[in-house]
Amino acid sequence: MCSDHRASPNRAGVHADHLQGGTMGKLNEKVAFITGAGRGQGRAHAVRLAEEGADIIAVDVCKNVDSIEYDLASPDDLDETARQVESLGSKVVPVVADVRDREALVSAASQGVSALGGIDIVCANAGICIMKPWDETTDEIWRDQIDVILTGTWNTLKATVPHLLNRGGGSVIITASVAGARGNPFLSAYGAAKHGVIGLSKTMANELGMHNIRVNCISPNGVNTGLLDGLGGFDELMAKDPHFAPMFTNALPVEVVEPRDISETVLYLASDESRFTTGHNLLIDMGNLLR
């Protein structure tokens with residue numbers, strides 16, 4: 001079911017309702033390609049963009065990664081994302097694909113374009129996280145995080161940017177992290193990968209700007225998703241090294257935000273409201289980097 005091409009039959013009716021009400025969605029007639037769409041931030045982004053009229057190509061690996069100590073999204077999770085998008089009157093193409101597999105992403109993009117006509121927005125969102133001291137970070141833990149986060153983002157861009165070029169422009173939104181802005185302890189592989197995607201986004205913003213393609217990052221701090229399970233053992237690590245604790249303290253009296261809070265920034269970057277914004281890393285960190 002995850003790989004089915006499905007389209008809601010009442011999409012035209014939804015557009016008519018928008019017109020009768022005197023309003024139009026910010027993303028009508030746009031198509032968004034989203035990785036890690038099975039749950040968490042990816043699902044929230046898919047739903048929020050669909051609320052504004054976008055059709056969605058929802059991609060997720062739908063299986064666990066051996067080095068990760070928590071469950072990733074399942075096929076049922078991806079189907080639930082598709083159900084929520086369809087309930088809004090948007091079309092959806094759910095595809096099971098691993099961002100570490102370039103050809104699988106190329107195929108996912110082709111399937112989506114065949115069904116929906118093109119790609120205008122890319123959310124390179126897929127990610128994993130394991131919190132370990134450097135001397136407990138195995139080669140497998142290092143490799144999996146670099147492969148999913150950094151190489152996975154590169155693969156996503158290689159698979160989708162040609163379709164943005166065919167549309168005459170578009171917006172690429174990469175999920176980075178506050179861990180990509182400084183050296184957060186116990187996140188060596190994760191932090192290295194997130195630093196990498198921020199650097200990649202700036203390079204791609206320069207190269208693609210002449211083609212009217214904007215490339216930006218968003219850097220959340222704590223978000224209430226399954227990825228937080230990768231921070232298991234945090235309290236024990238802080239007890240062992242309490243001098244690190246201030247680095248994890250926010251200026252605002254909030255420890256974590258909800259995925260939809262991040263989706264509002266994704267919507268801004270996906271819409272024409274940010275048409276002159278490129279090469280930026282937008283912080284959604286509750287003031288963490290002020291400390």
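**Note on the pockets, cavity and cores of a predicted model**

1. The second largest pocket encloses about 240 Å³ of space, and of the 14 residues that line this pocket, Lys-30, Gly-169, Gly-170, Arg-214 and Asp-272 are the closest to its centre. A pocket here is an open set of points on a 1 Å grid over the protein atoms alone, with protein on both sides within 12 Å along at least five of seven lines, and a lining residue has an atom within 4 Å of a point. A volume is the space filled by probe spheres set on the points, which are joined across faces, edges and corners. By class, two residues of this lining are nonpolar, six are polar and six are charged, where Ala, Val, Leu, Ile, Met, Phe, Trp, Tyr, Cys and Pro count as nonpolar, Asp, Glu, Lys and Arg as charged, and the others, Gly among them, as polar.

2. The model is predicted, with local features needing pLDDT of at least 70 and side-chain atom pairs counting only at pLDDT 80 or more, while totals for chains, interfaces and linings use all residues. Residues are numbered from 1 along each chain as its sequence is written, and side-chain values use heavy atoms, with hydrogens and water left out.

3. The largest pocket holds about 1000 Å³ of space, and among the 48 residues of its lining, Tyr-190, Val-223, Thr-225, Leu-227 and Leu-228 lie nearest the centre. This lining comprises 26 nonpolar, 16 polar and six charged residues. Helix H2 (40–51), strand S2 (55–60) and helix H6 (188–208) each contribute at least two residues to the lining, and H2 gives the most, with three; helices (H or I, at least four residues) and strands (E, at least two) are DSSP runs, numbered from the N terminus.

4. There is one cavity of 30 Å³ or more in the structure, a cavity being a set of points where a 1.4 Å probe fits but cannot get out. The space in the largest cavity is about 30 Å³, and its lining includes Thr-35, Val-99, Ala-124, Asn-125 and Thr-156. Helix H5 (residues 139–167) supplies the largest share of this lining, four residues, and the lining as a whole has four nonpolar, five polar and no charged residues.

5. In strand S1 (residues 31–35), five of five residues are buried, that is, under 20% relative accessible area with a 1.4 Å probe and protein chains only. Val-31, Phe-33 and Thr-35 are buried on one side of S1, and Ala-32 and Ile-34 on the other. S1 runs parallel to S2, and five bridges join them, where two strands pair if DSSP finds at least two bridges between them; Phe-33 stands opposite Ile-57 in S2.

6. The largest nonpolar core (buried Ala, Val, Leu, Ile, Met, Phe, Trp, Tyr and Cys residues joined through side-chain atoms within 4.5 Å) has 52 residues, of which Phe-33, Val-172, Ile-174 and Val-215 touch the most other members. A second, separate core of 28 residues includes Ala-37, Leu-49, Ala-54 and Leu-269.

7. Pro-133 lies in the loop between strand S4 (121–124) and H5, and Pro-133 counts as buried because its relative accessibility is 12%. Its C-alpha atom is 7.4 Å from that of Leu-187, although the two residues are 54 apart along the chain. Neighbours within four places in sequence left aside, Pro-133 is in contact (heavy atoms within 4.5 Å) with Phe-186 and Leu-237.

Definitions and conventions:
Buried means under 20% relative accessible area, exposed over 50%, partly exposed in between (1.4 Å probe, protein chains only).
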